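Here's a quick walk through one fold, written for someone who'd rather look than read. Have the sequence and the 3D view open side by side.

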Amino acid sequence: MQTRQLGSKDNPLTVSALGLGCMGMSEFYGSTDDTESIAVIQRALDAGCRFLDTADIYGPFTNEQLIGRAIAGRRDDIVVATKFGNQRNPDGSWVGINGKPDYVRAACDASLERLGVDHIDLYYQHRVDKTVPIEDTVGAMKELVEAGKVRHLGLSEASPSTIRRAQAVHPITALQTEYSLWAREPEDELLPVLRELGIGFVAYSPLGRGLLTGQLTSIDDLADDDFRRHGPRFQGENLQHNLDLVARVKDIATAKGCTPGQLAIAWLLAQGNDIVPIPGTKRLRYLDENLGALDVVLTAADLVAIDAAAPQGGSAGARYADMGSIDR
């Protein structure tokens, strides 16, 4: 397994070049199966994919417990990333975004207990609380580092100005935001700022929430409780426009002898050594397919063709039905 470094040269976090997003193992993408999910995590670890991504909101809470069971007895050399800030009740009801220092400390302790570990390798603020100065939130996160509970700090869906303010309090190792062939917005402002500051980029939903795999052809392919049914990019004319984009990507993948999903991941990997995709899956067969992307070598001509097939701004529809929680 190839590795990449997130963060500054003074205190880098070494991770596998491909991580594993674990959210869908517990919620949001239809039915779940803990037994297969644990098998997926363990096969990923055996293959050298040792960068696991979760959050307390997933389940809620049960995804961290699932990962804790899966990594029990083999914590060494595993990079565990989790998040706080999207606050939910145990019954799943929504409380709100919380970046208050007292909540940061309590959330960290709860995550450590659920994961069954003595430290979190990478601790993200999941969403920016616009009612709390980022300096206060990151100040509390810095205390967690000083206490040995957390090794590295991260932000998710934070704006360039917020990132700069956070970095002034404590070094930020990684910024996690959606980035894929149908979500290329980070290229405009985020990536230049991150590279200026020496912050790594963790790309979630690198497969366009599954659409870039070429497996989805209509909204009827999704389970009734799949949250994508409510996503603007999966609705009506937007969906057809995005399926046309996928068809163009699929043609290039066929010529390369790989799947569209593998091409999408390989394209992200080719955007810079500071970028680490974390495709999520709860199925063994899809894990193996995703890992195969590491063997796909893209030429300069391939990258030009992909850029033409899926250019910046080429997708239709907003990323979320409500973009209000995104810091911009």
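What do the buried residues of H9 pack against? They pack against S3, H1 and H8. Keep in mind while looking around that this is a predicted model.

## Helix H9

Helix H9 covers residues 284-291. Its buried residues are Leu287, Glu289, Asn290 and Leu291, so find those four side chains when you want to see how H9 sits against S3, H1 and H8.

## The sheet

Now for the strands. Eight of them form an open sheet, and if you walk across it the order is S3-S4-S5-S8-S9-S10-S11-S12, with parallel pairing. S3 (20-21) and S12 (275-277) are the edge strands; each has a single partner strand, so one side of each has no neighbour in the sheet. As background, strands of a sheet pair through backbone hydrogen bonds, and the pairing can be parallel or antiparallel.

Helix H8 (residues 260-269) packs on this sheet, where it touches S11 (200-204) and S12. The direction of H8 makes about 160 degrees with that of S12.

## Strand S5 and its partners

S5 (residues 79-84) is a good strand to zoom in on. It pairs with S8 (residues 120-125) in the parallel sense, over four bridges. Strand S4 (residues 51-53) also runs parallel to S5, and three bridges join the two. Alanine 81 is a handy landmark here: its bridge partner in S8 is leucine 122, and alanine 81 is also the bridge partner in S5 of aspartate 53.

How many residues of S5 are buried? Six of the six are, so the strand is largely enclosed by the rest of the structure. Val79, Ala81 and Lys83 point one way from S5, while Val80, Thr82 and Phe84 point the other way. Lys83 and Thr82 are among the buried ones too.

## Two helix crossings

Two packed helices are described by the angle between their axes and the distance between the axes. Take H1 (residues 34-46) and H2 (residues 62-71): their axes come within 9 Å and cross at roughly 55 degrees. That angle makes H1 oblique to H2, and the crossing is right-handed. On the H1 side the contact is made by Asp34, Ser37, Ile38, Ile41, Gln42 and Leu45, and on the H2 side by Leu66, Ile67, Arg69, Ala70 and Ile71. Sorted by class, the residues of this contact are seven nonpolar, two polar and two charged.

Then there's H4 (residues 134-146) with H5 (residues 160-167), whose axes come within 9 Å and cross at roughly 45 degrees. Here H4 ends up oblique to H5, and the crossing of H4 and H5 is right-handed. Ile134, Glu135 and Val138 of H4 make the contact with Thr162, Arg165 and Ala166 of H5. By class, the contact of H4 with H5 has three nonpolar, one polar and two charged residues.

## A loop stop: serine 218

Last stop, a loop. Where does serine 218 sit? Look in the loop between S11 and helix H7 (236-256).

Is serine 218 buried or exposed? Neither label quite fits: serine 218 is partly exposed, with a relative accessible area of 27%. Measure from its C-alpha to that of glycine 236 in your viewer and you should get 9.4 Å, for two residues that are 18 residues apart in sequence.

Definitions and conventions:
Residues are numbered from 1 along each chain as its sequence is written. This is a predicted model: local features need pLDDT of at least 70, side-chain atom pairs count only at pLDDT 80 or more; totals for chains, interfaces and linings use all residues. Side-chain values use heavy atoms; hydrogens and water are left out. Axes are lines fitted to C-alpha atoms, for helices over the stretch in contact, and angles run from 0 to 180 degrees between N-to-C directions. Angles under 35 degrees count as roughly parallel, over 145 as roughly antiparallel, 65 to 115 as roughly perpendicular and the rest as oblique. A crossing is left-handed if the near helix is turned anticlockwise from the far one by less than a right angle, and right-handed if clockwise. Contact means heavy atoms within 4.5 Å. Ala, Val, Leu, Ile, Met, Phe, Trp, Tyr, Cys and Pro count as nonpolar, Asp, Glu, Lys and Arg as charged, and the others, Gly among them, as polar. Two strands pair if DSSP finds at least two bridges between them. Buried means under 20% relative accessible area, exposed over 50%, partly exposed in between (1.4 Å probe, protein chains only).
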